[in-house]
Amino acid sequence: MILACQNISKSFGDNVILNHINFHIEEKEKVALVGINGAGKSTLLKIIMEQLSPDEGQVLLGKGATIGYLSQQPDYDLNMTIYDAMADAKKHVFELEQQIRQTEEQMKQKTGEELEQLMERYARMTQEYEYLDGYSCRSEITGVLRGLQFSEEDYGKDIHLLSGGQRTRVALGRLLLSRPDIILLDEPTNHLDIASISWLEQFLLSYKGAVLLVSHDRYFLNRVVTKVVDLDQGTATVFQGNYTQYAEKKAALRKEQLNAYLNQQREIKHQEAVIEKLRQFNREKSIRRAESREKALNKMEVLEKPTQVNASMRMTLEPSIISGNDVLTITELSKGFEHQPLFSHLNISIKRGEKVALIGQNGTGKTTLLKIINKQLHQDEGRVQLGAKVKLGYYDQAQQLFNEGNTIFEEISDAYPDLNNTRIRNVLAAFLFTGDDVFKLVSSLSGGERGRLSLAKLMLGNANFLILDEPTNHLDVYSKEILEDALRDYTGTVFYVSHDRYFVNRTATRILELENEQVTEYKGNYDYYLQKKAERNTLSETPSPVSGNKNKEESKSDWKAQKEEQARIRKKANDLKKIELRIEELEQEISDLEKELQNPDIASNSAELLRLSNQHGELDKELSGLYEQWETLAE
């Protein structure tokens, strides 16, 4: 056991946030802490870090264990460069390395007892240095910097000149390099792109310590954690497994709790009706029986109303008419801005019933492509054709299609004038707009409220072809799940952009990746996409492109470029193999050398000890260089 929360309780005034929280984390275990906003996740992390005191209970940390927390307040000099800030996290290792070098120099000048003492000290220091992975320290720093998408040109930048997101990445890198026995991470994927998140996943999976995570990135949690602690209405429930397994078990538990609550409410109403009837009889026996039932009712432990009974969005998507089989055909489409091309000669075909996700890095033109399809932008070249009987519904991530001066009620009634007041009220209630909420101005709505209003309008449109731009932005986890289920049940066609990998994995039947001005097709969900990308990287298998100029000369050129790329990848693979073999040889040589250094006969021979120490240093220097070469090729 590395950490345990025992009977933790915390209230702010009359608001009970945490009520007798109990769970523990084992060494090397990766755990997620989940719950709706306001459930107490951040409060619990602050209690664990002793930034807040609990009203009751205690946090136990394993003997001698160290703990690290991704703090929003930097604990280092902002005038440092990025590299120096990272190296500062390994300060103790570099100081130890300096002491080893100094001791080596001293050993050259000493004899007798003084030399023996220095040799003993030297042996202890080198053993500790090896335990701290000092030999690979520098390559570890550069590996973390690369993983967090800092280029070599960034290393010398002063931290005070960085954006908030870049500073957060520096803080995350320092924390990972410090290697505490348990890491607490609160939304670590914020400010990271997909490549950095994937790197962080691999880092945490191989991390030798324990991890406690708070994150809204469900795909990230799914790949990293093996246990979930769910905070709900002040209590904690522990679920074994990843996020998907937790979500399934939680849904079953929520249904069970709801049924129990509703059954008890029916029983209470029944007993109250019986008591009332017995009193109406106005007989001594009937009144005694009524009083007896009333006492029993008062002693009943009334169940709490489950959280989601009152907070679940209700959504169904159903097309009013069936479209033709060919829903969208894009031919030779090109678009750019100010001499900066986004994509060129795209060819895309989408059939009825498909759920197609468009993914790619920021700035590649994904939103632009959706706007062209929705006739909000004009293409430079090419053609966009919708099929027969296609009725389009569009979800705009920026929600610029609202009339900001409207109330919520007016926004729906203006868009759908045939709906009566009762129908509009019922629809808005399904999207959690009740009572006087419907009279809020659109301009005053939060991101989540605007997202729910957009989904309400989308549902009412009864479109058979949905174009969605980042539909899960600003939605809480439960609303995302409801949207996912609605899209999975939807009989129409969907083409959408999303960075939410869990959402893509649950809803996509085909993925189009937009990169280098072209689109590449993957016929499956996000897991399939990752698998095929990995195969392409390791086996040089390139998925079939679905766009590009069909000119024969260009096709020949593309074929030649593909062959050259495959040859380059094969050479890299061979170089990697050679380096790996040499690394194995060096590690074995260094291991043999270290055994020799521990030999008492060698320890008493200062000349031989010095020779072997110098040899050890040379081998270690070569090994460090090979590690860096390997990382560069592996990238």
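**Getting to know α10 and β10**

User: Hello! Against which helix do the buried residues of α10 pack?
Analyst: This is a predicted model, where local features need pLDDT of at least 70, side-chain atom pairs count only at pLDDT 80 or more, and totals for chains, interfaces and linings use all residues. Residues are numbered from 1 along each chain as its sequence is written, and side-chain values use heavy atoms, leaving out hydrogens and water. Helices (H or I, at least four residues) and strands (E, at least two) are DSSP runs numbered from the N terminus, and contact means heavy atoms within 4.5 Å. The buried residues of α10 pack against α9 (243-281).

User: Why do the buried residues of α10 line one face of the helix?
Analyst: Buried means under 20% relative accessible area, exposed over 50% and partly exposed in between (1.4 Å probe, protein chains only). In α10, Ser286, Ala290 and Leu297 are buried. Because the buried residues fall, seen down the helix axis, within a narrow range of directions to the C-beta atoms, they line one face; that arc is 40 degrees.

User: Which residue of β13 stands opposite Thr329?
Analyst: Strands pair if DSSP finds at least two bridges between them. β10 and strand β13 (residues 381-386) pair in the antiparallel sense over five bridges. Opposite Thr329 stands Gln385.

User: Which residue in β11 is the bridge partner of Leu328?
Analyst: Strand β10 (residues 326-337) and strand β11 (residues 340-351) are antiparallel, pairing over eight bridges. In β11, the partner of Leu328 is Ile350.

User: Is Tyr478 buried or exposed?
Analyst: Tyr478 belongs to helix α15 (residues 477-489). With a relative accessibility of 12%, Tyr478 counts as buried.
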